[in-house]
Amino acid sequence: FAAYHGYFEVGEIAPSRFRQDSNPSCGFYVNTSDKIIYSDIATGEKLDAFAYVGKKYDLTYKQALEKVAADFGVVGDSAKFSIAEIKERFKVERKKEEKRIDIIRDKWGKS
């Protein structure tokens, strides 16, 4: 994602890059399979990295897989990106945050 989208924070909401979006409604999250997913809350669209590349460049899923493989040097003679370079450039790291759930007591009224 970082190679094709640029820097982002998981959980941060931003305007869509695919449509006019004056009210930010898109972001990234990690699903239960530990995959990063692009989510557009307004349209309900959810894209993995390859579907995102396909949408960005108007490619089929298979063509997007081929583009990513070529761009990272998995196939072909030259790589456009390196994973190490992407990690360094965008400081990609996983952060696990603890969530705290508290019970807040309310005052009882006569009703």
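These are my notebook entries on the sheet, the helices and the salt bridges of this structure.

**Entry 1: the model**

I began by noting that the model is predicted, and I kept that in mind while looking up each feature below.

**Entry 2: the sheet**

I looked up the strands and found that 4 of them form an open sheet, in the order β1-β2-β3-β4, with antiparallel pairing. Because β1 and β4 stand at the edges with a single partner strand each, one side of each is left without a neighbour in the sheet.

I then turned to β2 and β3, which run antiparallel and are joined by 5 bridges. As an example I followed Val30, which lies in strand β2 and has Ile36 in β3 as its bridge partner. Val30 counts as partly exposed, at 29% relative accessibility. I also checked Val30 against Gly11: the two are 19 residues apart in sequence, while their C-alpha atoms are 8.6 Å apart in space.

**Entry 3: helix α2 on the sheet and beside α3**

Next I asked across which strands α2 lies. I found that α2 lies across β3 and β4, and that it runs at about 110 degrees to β4.

For the neighbouring helix, I looked up how α2 and helix α3, residues 61–71, are placed, and their axes come within 8 Å and cross at roughly 100 degrees. I therefore describe α2 as roughly perpendicular to α3, since angles of 65 to 115 degrees count as roughly perpendicular. On the α2 side the contact is made by Phe50, Ala51, Val53, Gly54 and Tyr57, and on the α3 side by Tyr61, Ala64, Leu65, Lys67 and Val68. Sorted by class, the contact of α2 with α3 has 8 nonpolar residues, 1 polar and 1 charged.

**Entry 4: salt bridges around Arg19**

How many salt bridges does the structure hold? I found 5 salt bridges in the structure, and I followed some of them residue by residue.

Arg19 forms a salt bridge with Asp21, with the closest N and O atoms 3.6 Å apart. Arg19 also forms a salt bridge with Asp40, and here the closest N and O atoms are 2.7 Å apart. This second pair links distant parts of the chain, as Arg19 sits in the loop between β1 (13–14) and β2 (26–30) and Asp40 in strand β3 (residues 36–40), 21 residues apart. I noted accordingly that Arg19, Asp21 and Asp40 are linked in a network of salt bridges.

Are the members of this network buried or exposed? Arg19 is partly exposed, with a relative accessible area of 27%, whereas Asp21 is buried at 14% and Asp40 is buried at 2%. I call both aspartates buried because the term means under 20% relative accessible area.

**Entry 5: the salt bridge between β4 and α2**

I last looked up Glu45 and Lys55, whose side chains meet in a salt bridge with an N to O distance of 3.0 Å. This pair too links distant parts of the chain, with Glu45 in strand β4 (residues 45–47) and Lys55 in helix α2 (residues 49–57), 10 residues apart. Glu45 counts as partly exposed at 24% relative accessibility, and Lys55 is also partly exposed, with a relative accessible area of 36%. I set this beside my earlier note that α2 lies across β3 and β4, as the salt bridge joins residues of that helix and of strand β4.

Note on methods:
Residues are numbered from 1 along each chain as its sequence is written. This is a predicted model: local features need pLDDT of at least 70, side-chain atom pairs count only at pLDDT 80 or more; totals for chains, interfaces and linings use all residues. Side-chain values use heavy atoms; hydrogens and water are left out. A salt bridge is a side-chain nitrogen of Lys or Arg within 4 Å of a carboxyl oxygen of Asp or Glu. Buried means under 20% relative accessible area, exposed over 50%, partly exposed in between (1.4 Å probe, protein chains only). Helices (H or I, at least four residues) and strands (E, at least two) are DSSP runs, numbered from the N terminus. Axes are lines fitted to C-alpha atoms, for helices over the stretch in contact, and angles run from 0 to 180 degrees between N-to-C directions. Angles under 35 degrees count as roughly parallel, over 145 as roughly antiparallel, 65 to 115 as roughly perpendicular and the rest as oblique. Contact means heavy atoms within 4.5 Å. Ala, Val, Leu, Ile, Met, Phe, Trp, Tyr, Cys and Pro count as nonpolar, Asp, Glu, Lys and Arg as charged, and the others, Gly among them, as polar. Two strands pair if DSSP finds at least two bridges between them.
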